Structures are given as C-alpha cells and as structure tokens.
Amino acid sequence: WWADAPAEVRDALARFDELDLEALERVAIIASIARNGGNLSAVVRDLGIGRTTLYRKLKRYGLER
C-alpha cells in the first residue's frame with residue numbers, strides 16, 4: 001500500500017520530526033483510509049477508535065467524503 005499512499009502521507013513522513021500531534025493524527029487517519037481502501041469499519045479497527053470519534057476527526061481535519 002505504501003507506493004499507493006497519498007502524497008500527503010509520504011511528504012509528512014519525510015518531515016516527521018517537524019509535525020505536531022494533530023498533523024501526525026491526520027496523517028495516521030489518511031494512511032489508514034488508504035491502507036483499508038476507504039473502508040471506515042476497517043479504519044476504526046485499525047486505529048482502535050470508535051466510529052463516532054473517527055467521524056469527528058474526519059470533520060475536524062477536513063477529510064469528510
């Protein structure tokens with residue numbers, strides 16, 4: 001999946017030491033969505049968070065569908 005990861009994820013990991021916690025969380029969500037083919041049920045399992053929490057974070061980070 002790494003080669004198919006969104007450019008934002010690859011770029012963020014290249015400058016990992018410059019990111020704050022919110023940026024890291026956003027990247028983790030984007031990477032999980034890519035890794036799981038957009039399946040949000042798999043994303044919540046992957047990240048270990050609840051579905052409501054995921055939806056709240058998607059909205060917060062402007063990642064809503």
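The exercises below concern a predicted model of one protein chain.

Residues are numbered from 1 along each chain as its sequence is written. Local features need pLDDT of at least 70, side-chain atom pairs count only at pLDDT 80 or more, and totals for chains, interfaces and linings use all residues, while side-chain values use heavy atoms, with hydrogens and water left out.

**Exercise 1.** State how many helices and strands the protein chain has, and give their order.

*Solution.* Elements are DSSP runs, numbered from the N terminus: helices are H or I with at least four residues, strands are E with at least two. The count gives four helices and zero strands. Read from the N terminus, the order is α-α-α-α.

**Exercise 2.** Compare the radius of gyration of the protein chain with the globule rule.

*Solution.* The radius is taken over C-alpha atoms, and the rule is 2.2 Å times the number of residues to the power 0.38. For 65 residues the rule gives a value near 11 Å. The protein chain has 11 Å, so the two agree. Along the principal axes, the C-alpha atoms fill a box of roughly 30 × 25 × 20 Å.

**Exercise 3.** Place Lys57: which helix holds this residue, is Lys57 buried or exposed, and which residues does Lys57 touch?

*Solution.* Lys57 lies in helix α4, residues 51-60. Buried means under 20% relative accessible area, exposed over 50%, and partly exposed in between (1.4 Å probe, protein chains only). Lys57 has 16% relative accessibility and therefore counts as buried. Across the protein chain, buried residues make up 28% of the 65 residues. Leaving aside residues up to four places away in sequence, Lys57 touches Glu25 and Ile29; a contact means heavy atoms within 4.5 Å.
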